[in-house]
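Reader: Hello! Please take a close look at the largest pocket for me, and set it against the rest of the chain.

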Amino acid sequence: MLELTAGAQVMLAKNVDVSQGLVNGARGVVVGFEKGGEGLPIVKFLCGQEVTVKPMRWTFKLAGGVFFTRKQVPLKLAWAISIHKSQGMTLDCVEISLSKVFESGQSYVALSRAKNLEGLRVLDFDKKCVRADPDVLRFYHRMSLRKKMMAGSMEQESAMKQQTSIKRPKHW
C-alpha cells in the first residue's frame, strides 16, 4: 500500500515513457489526485511533465516456470534511498553522503546515478571512499599488459614485413 499526500516527493519505480523523461528514478511532486475513479496521484515531474500515474504490471518468472504478476502504482517516496536501491536509476537531484561507503565500487554507483553535475551534491567526501575492487584492478592490469604485448608483437611483425618487402637487386 502506498499512502501519499499532496506535496510528497516521489520517484518513478519503472520506465513509463522514456521519450518524455519519465524513467525509473525520475523525481516529482504529488500535486493532486484524480477526481472520481481510483483517485490516482497526479505528479508534476522535474522533466516538466504532469501525469496521472496509473498502475502498471510487473511479471516475474519463478523457478519451475511459474509466473508471478503484481500490479501497482510505480511510485516510491523520494526523500531518501540507499545506494544499493538506487542501482539502475537515473536521478535528477542527488545529495550523497559517502562517509559510510563500505564496499568497492559503491561510490561509483552512487555518483553515477546523477543525470548531470548540476543535480549532484556530495557530502562527507573522503578519497578513501572511492576505491576499486582489487580483483578488477588486477584484471585491467593484465589486459593492459596483454595489449602492450600485442602492440609490440604487431610492431615486430610489421617491421619484418617491411624488411622482406624491400626489393633487392638481383646481384645480392
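Author: Happy to! A term to begin with: pLDDT is the predictor's confidence in each residue, on a scale from 0 to 100. This is a predicted model, in which local features need pLDDT of at least 70 and side-chain atom pairs count only at pLDDT 80 or more, while totals for chains, interfaces and linings use all residues. Residues are numbered from 1 along each chain as its sequence is written, and side-chain values use heavy atoms, with hydrogens and water left out.

The protein has a mean pLDDT of 84, with 90% of its residues at 70 or more. Elements here are DSSP runs numbered from the N terminus, helices being H or I over at least four residues and strands E over at least two. Strand β3 (residues 41-45) has the highest mean pLDDT among the elements, 95, and helix α3 (residues 134-165) the lowest, 77. Where pLDDT is low, predicted coordinates should not be read in detail.

Now to your pocket. The search runs on a 1 Å grid over the protein atoms alone, and a pocket is an open set of points with protein on both sides within 12 Å along at least five of seven lines; a cavity, by contrast, is a set where a 1.4 Å probe fits but cannot get out. Lining residues have an atom within 4 Å of a point. A volume is the space filled by probe spheres set on the points, which are joined across faces, edges and corners. By that reckoning the largest pocket holds about 470 Å³.

Its lining consists of 21 residues, and those nearest the centre are Ala-80, Ile-81, Cys-93, Val-94 and Glu-95. Two or more lining residues come from each of β1 (9-12), α1 (83-86) and β8 (94-97). Strand β8 gives the largest share, four residues. Sorted by class, the lining has 11 nonpolar, six polar and four charged residues. In that scheme Ala, Val, Leu, Ile, Met, Phe, Trp, Tyr, Cys and Pro are nonpolar, Asp, Glu, Lys and Arg are charged, and the others, Gly among them, are polar.

Between α1 and β8, two elements that help line the pocket, runs a loop that holds Gln-87. Gln-87 is partly exposed because its relative accessibility is 47%; buried means under 20%, exposed over 50%, and partly exposed in between (1.4 Å probe, protein chains only). Beyond its neighbours within four places in sequence, Gln-87 contacts Val-109 and Arg-113, where contact means heavy atoms within 4.5 Å. The C-alpha atoms of Gln-87 and Arg-113 lie 7.4 Å apart, with their places 26 residues apart in sequence.

Here is the wider setting. The protein has three helices and nine strands, in the order β-β-β-β-β-β-β-α-β-α-β-α. Its radius of gyration is 27 Å, well over the 16 Å that the globule rule gives for 172 residues, so the protein is more spread out than a compact globule. That radius is taken over C-alpha atoms, and the rule is 2.2 Å times the number of residues to the power 0.38. The C-alpha trace spans about 100 × 40 × 40 Å along its principal axes. Of the 172 residues, 24% count as buried.

Two other places are worth a stop. Val-73 sits in the loop between β6 and β7 (75-77), and its C-alpha is 4.0 Å from that of Pro-55, 18 residues away along the chain. Leaving out residues up to four places away in sequence, Val-73 touches Leu-40, Pro-41, Val-53, Lys-54 and Pro-55. Asp-124, in the loop between β9 (120-123) and α3, has phi near 55°, a positive value in a residue other than glycine. Asp-124 is partly exposed, at 45% relative accessible area.
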